[in-house]
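Here are my comments on the model you sent, set out as numbered points. They deal with the sheet and with the enclosed space.

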Amino acid sequence: LLRTGFLTVGNRTTEGAQIIFMDRSKMDFSQFTSDDSIRALACSLEFLIESQETQIHGFIIVADDANLTFRQVLALGPKDAKKISGFVQDCFPARFKGMHILHQPWYITLFVTLMKSFMKQKMKERLHFYGMGGKLPPADPLAWIEYLREKG
C-alpha cells in the first residue's frame with residue numbers, strides 16, 4: 001500500500017508538527033482494505049513518534065482528494081468511519097493537530113458528516129476543507145518506504 005503513494009511524509013510546519021500527505025485516490029479497494037490503510041498510517045505514525053519533536057508538536061494530515069472516486073468512498077461504511085476516527089482520536093498516543101482536505105468532491109463532505117458523529121468536538125474543530133484550491137508538493141513514496149526499512 002505504501003508503494004502506491006497513498007501516504008508520504010513531508011517536512012514540518014513552522015510550529016514543528018510533522019506533515020503527512022495522503023492521496024486517498026491511490027487506495028485500491030480491490031487490493032487493500034480500510035484496515036490496511038489504518039495499518040499503513042499506524043506503522044508510519046509509530047516511526048514518526050520516535051522523534052521527540054513529533055512527540056511534542058504532533059502531526060498534521062493533508063489529504064488531496066482530487067482523484068478520489070465515489071466508488072472508493074462507498075467502499076468505506078459507517079463501521080470504517082468509526083474505526084478511523086477512533087484510531088486517530090482515542091487509540092494512538094500522538095498529538096493530532098489537524099486534517100486539511102484539498103479538492104474534496106461533494107461525496108467527501110457527505111462521508112465526513114457521517115464521520116463527525118463519531119468525533120469529539122476538539123477533533124471536529126481540527127478538520128479543514130479547501131474545496132478545489134491548493135496543490136500538494138510532489139510525493140516520493142519510495143523514500144518513505146526506504147526510511148521505514150532502515151528503521152525497522
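**Notes on the sheet and the cavity**

1. Bear in mind that this is a predicted model. As an entry point to the sheet, take M99, whose bridge partner in β5 is L127. The strands β4 (residues 96–102) and β5 run parallel, and three bridges join them.

2. Taken as a whole, the sheet is open and has five strands in the order β1-β2-β3-β4-β5, with pairing that is mixed. Its edges are formed by β1 (7–12) and β5 (127–129), each of which pairs on one side only, and from one strand to the next the twist averages 20 degrees.

3. How many cavities of 30 Å³ or more are there? The count comes to one cavity at that cut-off, and the space in the largest cavity is about 510 Å³.

4. The lining of the largest cavity comprises 28 residues, and those that lie nearest its centre are M22, R24, I84, M99 and M115. M99 thus appears in both parts of this note, as the bridge partner of L127 and as one of the residues nearest the centre of the largest cavity.

5. Which elements give two or more residues to the lining of the largest cavity? They are the helices α1 (34–48), α3 (70–74), α4 (78–91) and α5 (106–116), together with the strand β4.

6. As for the chemical class of that lining, 23 of its residues are nonpolar, four are polar and one is charged. When you inspect the largest cavity, please read this breakdown alongside its volume of about 510 Å³.

Key:
Residues numbered from 1 in each chain as written. Predicted model: local features only at pLDDT ≥ 70, side-chain atom pairs only at ≥ 80, totals over all residues. Heavy atoms only, no water. Pairing = 2+ DSSP bridges. Helix = DSSP H or I, 4+ residues; strand = E, 2+ residues; numbered from the N terminus. Axes fitted to C-alpha atoms, helices over the stretch in contact; angles between N-to-C directions. 1 Å grid on protein atoms, 1.4 Å probe; cavity = no way out; pocket = protein on both sides within 12 Å on 5 of 7 lines; lining within 4 Å. Points joined across faces, edges and corners; volume = space filled by probe spheres on them. Nonpolar A, V, L, I, M, F, W, Y, C, P; charged D, E, K, R; others polar.
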